[in-house]
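Okay, everyone, thanks for coming. Let me put the model up, and then I'll walk you through the sheets and the ligand site.

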Amino acid sequence: MSISTSVLSELLQAVPYLRPQLYFKASLTALSHAMEDQVLAATLEQPLVIASFQRERFYRQEAHRYQRLALRSNQIYVLSAPETDFANSSEYYEKVAFEPDDGLSQEWHLVVIANNYATCLVCRESLGSVAKNQQLREISPSLDMDTSRRFEGIWTSERGVSLKAADLLLNRISVYRPELTDKIEEARQRFEIGEYKESFSPTPDEASASVGEIIRNFSCDIDTDPFVQRLVTYLQASQYKLHKAYRSISAQARKERLVNSISTAIRRSLNPEEVLKVAVQELGQHLGACRCIVYRAQKTDTQAKIEHEFLNSGVSSVRGKTWQLHNNPLFQEIIIKGDGAYFADTETDERLISSKSTANLAKKYSIRSWLMEPVVFQGRMLGIVELHYCGSKPHQAFPGEFDLVEAVATQIGAALIQAEAYANLEDLNQQLEALDRTRRNLIAITGHELRTPLSTIQVCLESLSTEPDMPAELRQVMLNTALSDSDRMRKLIQDFLTLSNLESGRIEWHPETLTLQECIDLAISRISARVNSETQIPAIETEVSDSLPMVRADGDWLVEVLAKLIDNACKFTPPQGAITIKGKRNGNQMVEVTVADTGRGIEPNRLEIVFDKFYQEEGALRRTAGGTGLGLAICRQIVNGWGGKIWAESTGKDKGSEFHFTVPLAVS
Ligand code: ADP
């Protein structure tokens, strides 16, 4: 048994000129309490009070009031949808439990009828507001949505309307509690309820009765003070709440503006050091700190070097200093809590009693109030922001100051990660470019350089297999050609791999301090080992003074450069010619090594392109001197690797060539 109709709709139907108005739950509570206070003030004699709560839980907060109201009248009816123990009863007053799906469960009513006073509040909750509140609550469960619930309805002191409302509600009560028929009838008779049906004349005056009129209406013979007092108290309270809300909103807005402007400044750069530099400046300036520092630190670090600092005038600098972290109570606290930590006053803080060194640090740099905030990104600590206040009195932090520092620290974390990601991206790009170069080289080498020896080998092997009667000498020639071309291919691939590794930076350098003479000797002995008794090579001479300082380079690579240059000199110089290797100082930081020969020389316009990959003067098809065309390109990569230069000099054809390169001096 439930009634789905709405009391508000029925009332609006019966009194067509009524215009429903919007009420927030907070206003309804205020009005209801004011109306109840009027009854409690005992200015009304045995009034009829009908209150309908949507649900038991709303009634529960008011139950106590209704017990007190029951002392004032025996005609009190409270309606509600039961949830736990609300049930029909007549103990203090009449409780009427309606079905949860009754139209009443959407509504909120309070009707008070006395001989000289009548008022009613008849409202229905806006369903849109319920749904919206539900959504909001899901997004943010902590929001106080209850007070912003919205209702539409009527609040009036018109006696006719109030009697009609009472009539409608009493009808419902008699459905749920038929045994109360007599009692209800008594109320109806006493206040002539249900007899007013024809009396609603929508006069403009009545329709637009103002609060003033309403007050006047019943102020003629009852004391309306309790009602008015109550309303004013509510008004004051909500005004106060509003004021507080405005204050916190404007503080919040100010904070957001500040955080925004600081983060915009921080994020302007993609260079991590620049990010930290700007952050320290902005934060120090906006918060009026005497000193603001930012440094990188991880949880496990025991110390940190201060690199970025903002200073107010007259404050001593700590830039370049090393901060001990492991014994700083603030840092310890950050590690444990993951949150910022603060010494409000370093002169009285108890945590500093057990940490003398930190106390001394505070004294040395006049830090009176000291805030440390971690810069964290996704749970990883990246650094620390510190604010120092150096006045003669401890710093009075403004409300929200620490939140602000925390918000900025979060932004610094994000900006740092972004900048680092960008740097990684640059690295990655370079690696990709190197990879692309290798790919292009590979195409070049397979296209031009490997095809020729491979076809030679193939022709030789084919001839050997198809012509079994081939004379022995020719067979030997074929085999030798195939062997030497396959050896050329092996060298080519080896040089190609070396060059690719050098170009893509995949080489590990092991710099050591070396004497040049030693490296030259090693390179020459390597060549002598390769040369067989038949091939003759020019005489090799070394001119390196004993006083030449030591050099610093990766020994293996230095020998490799020398060997390649000497090898070339041997290849392009007739056996009766000469090769000279010299070493001398070149400026304050370098030793210049020269490999000179008396061979065929290089045309002036070729001096630079001999360093290109696969450059060979003879062209790809006439490689009399062997070699891969990659030797000088490899030498240039190696020399560049240690910061040196390599170049060729020659006065022209058959005038000999000189190859020069520089190696860093070892710092003694
Ligand atoms: P290769 O394996 O052909 O020697 P390199 O890169 O070492 O390849 O040299 C490239 C070219 O530079 C050689 O083919 C040659 O034409 C020229 N070149 C190198 N060294 C000398 C030299 N000492 N005298 C004359 N020409 C040289």
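**Two sheets and a ligand site**

Let's start with helix α7, residues 181-191: it lies across β2, β3 (75-81), β4 and β5, and runs at about 125 degrees to β3. Before going on, the small print: this is a predicted model, where local features need pLDDT of at least 70, side-chain atom pairs count only at pLDDT 80 or more, and totals for chains, interfaces and linings use all residues. Residues are numbered from 1 along each chain as its sequence is written, and side-chain values use heavy atoms, with hydrogens and water left out.

On terms, helices (H or I, at least four residues) and strands (E, at least two) are DSSP runs, numbered from the N terminus. Angles run from 0 to 180 degrees between N-to-C directions, with axes fitted to C-alpha atoms, for helices over the stretch in contact. Contact means heavy atoms within 4.5 Å.

So what's the strand order in the sheet under α7? It goes β1-β7-β6-β5-β2-β3-β4, seven strands in an open sheet with mixed pairing (two strands pair if DSSP finds at least two bridges between them). β1 (21-24) and β4 (94-97) are at the edges with a single partner strand each, so one side of each has no neighbour in the sheet. Direction ignored, neighbouring strands here are turned by 20 degrees against each other on average.

Zooming in, β2 (48-55) and β5 (107-114) pair antiparallel over five bridges, and S52 has H109 in β5 as its bridge partner. Helix α1, residues 7-14, also packs on this sheet, touching β5, β6 (117-125) and β7 (150-156), and its direction makes about 120 degrees with that of β6.

Next sheet. This one is open too, with five strands in the order β10-β8-β14-β13-β12 and antiparallel pairing. Its edges are β10 (308-311) and β12 (341-343), each with a single partner strand, so one side of each is left without a neighbour. The twist averages 15 degrees from one strand to the next. Six bridges join β8 (291-296) to β14 (380-389), and R296 sits opposite G383 in β14.

Now the bit you docking people want. Which residues come nearest to the ligand? Of the 20 around it (a heavy atom within 4 Å), those are N568, Q616, T628, G629 and L632.

For polar contacts (N or O pairs within 3.5 Å), a polar side-chain atom of N568 lies 2.7 Å from a ligand oxygen. A ligand nitrogen is 2.9 Å from an N or O atom in the side chain of D597, and a polar side-chain atom of S657 lies 3.0 Å from a ligand nitrogen. Taken alone the ligand exposes 520 Å², and the protein buries 98% of that (Shrake-Rupley, 1.4 Å probe).

Among the elements, α18 gives the most to the shell, with three residues.

Methods:
Polar contact = N/O pair within 3.5 Å; in protein donor to acceptor, adjacent residues only side chain to side chain.
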